[in-house]
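Please examine the sequence and the model shown here. The paragraphs that follow move from the chain as a whole to single residues.

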Amino acid sequence: MDSLLDFLHRFWSDMLARTDGPMTFRFLLQPIMAIITAGIDGYRDAVLGRTPYFHKLLFGGRSGSRVLTFREGFSAVARILLLGVAMDVIYQFKVFGSFSHPLETLVIAVVLAFIPYLLLRGPIARVVRRWRQRHGQA
């Protein structure tokens, strides 16, 4: 039990330390890139009349449909995730001298890239859909 607590303590302290150290620009770069990607995909969803992404992911019907929806979003942010992993590997080499915390790398990449995409794609699609309806482009 002590080893689990030690791991969690180190994990969260390392996560919080990432906001002050070298390469902090990635905390802006990755979410901005995810927002741009969500905007493009949300606009496309609105024009094509698709169900909002997060709603489709949660309530998409068959589980196979959910898997396809998840893959679509994941592939949309794959480059951003890879960029995030690369930047975190560089960070770890600068700070720790080795790549010793792969789980932290995955958590940071997902939190900075996929979560903003997941949360914003649907609302962007709704805003675009309403704007298009008001301006007669439905």
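In this predicted model, the chain contains six helices and zero strands. Read from the N terminus, the order of its elements is therefore written α-α-α-α-α-α.

The overall dimensions come next. Along the principal axes, the C-alpha atoms of the chain occupy a box of roughly 60 × 35 × 20 Å. The radius of gyration of the chain is 18 Å, whereas a compact globule of 138 residues would have a value near 14 Å. Of these 138 residues, 33% count as buried. The accessible surface of the chain amounts to about 8500 Å², and carbon and sulfur atoms account for 68% of that surface.

Contacts and charges complete this general view. When contacts between residues at least 6 apart in sequence are considered, 76% of them join residues at least 24 apart. The chain carries 17 positive and 9 negative charges, and the mean positions of the two groups lie 18 Å apart.

One helix may now be followed along its length. Helix H2 covers residues 26–48, which makes 23 residues. From its first C-alpha to its last, H2 reaches 32 Å, close to the 33 Å expected at 1.5 Å a residue. The buried residues of H2 include Gln-30, Ala-34, Thr-37, Ala-38, Asp-41, Gly-42 and Asp-45. In reading such a list, a general rule is useful: an α-helix has 3.6 residues a turn, so residues three or four places apart point the same way. Also buried in H2 are, among others, Arg-26, Pro-31, Gly-39 and Ala-46. After H2 comes Gly-49, which has a positive phi near 70°.

Two threonines offer a closer view. Thr-24 is located in the loop between helix H1 (2–17) and H2. Is Thr-24 buried, partly exposed or exposed? Its relative accessibility is 31%, and Thr-24 counts as partly exposed because this value lies between the limits of 20% and 50%. Apart from neighbours within four places in sequence, Thr-24 is in contact with Arg-18 and Thr-19. The C-alpha atom of Thr-24 is separated by 9.3 Å from that of Tyr-91, although the two residues are 67 residues apart along the chain.

Thr-105 belongs to helix H6, which spans residues 102–134. Thr-105 has a relative accessible area of 2% and is buried, because this value is under 20%. With neighbours within four places in sequence left aside, the contacts of Thr-105 are Arg-18, Val-85, Asp-88, Gln-92 and Phe-99. Arg-18 is thus in contact with Thr-105 and also with Thr-24.

How values were computed:
Residues numbered from 1 in each chain as written. Predicted model: local features only at pLDDT ≥ 70, side-chain atom pairs only at ≥ 80, totals over all residues. Heavy atoms only, no water. Helix = DSSP H or I, 4+ residues; strand = E, 2+ residues; numbered from the N terminus. Buried < 20%, exposed > 50% of the residue type's maximum accessible area, 1.4 Å probe, protein only. Contact = heavy atoms within 4.5 Å. Expected span 1.5 Å × (residues − 1). Rg over C-alpha atoms; globule rule 2.2 N^0.38 Å. Areas by Shrake-Rupley, 256 points an atom, 1.4 Å probe, with all protein chains shown as cover. Lys, Arg positive; Asp, Glu negative; His and termini not counted. Charge placed at Lys NZ, Arg CZ, Asp CG, Glu CD.
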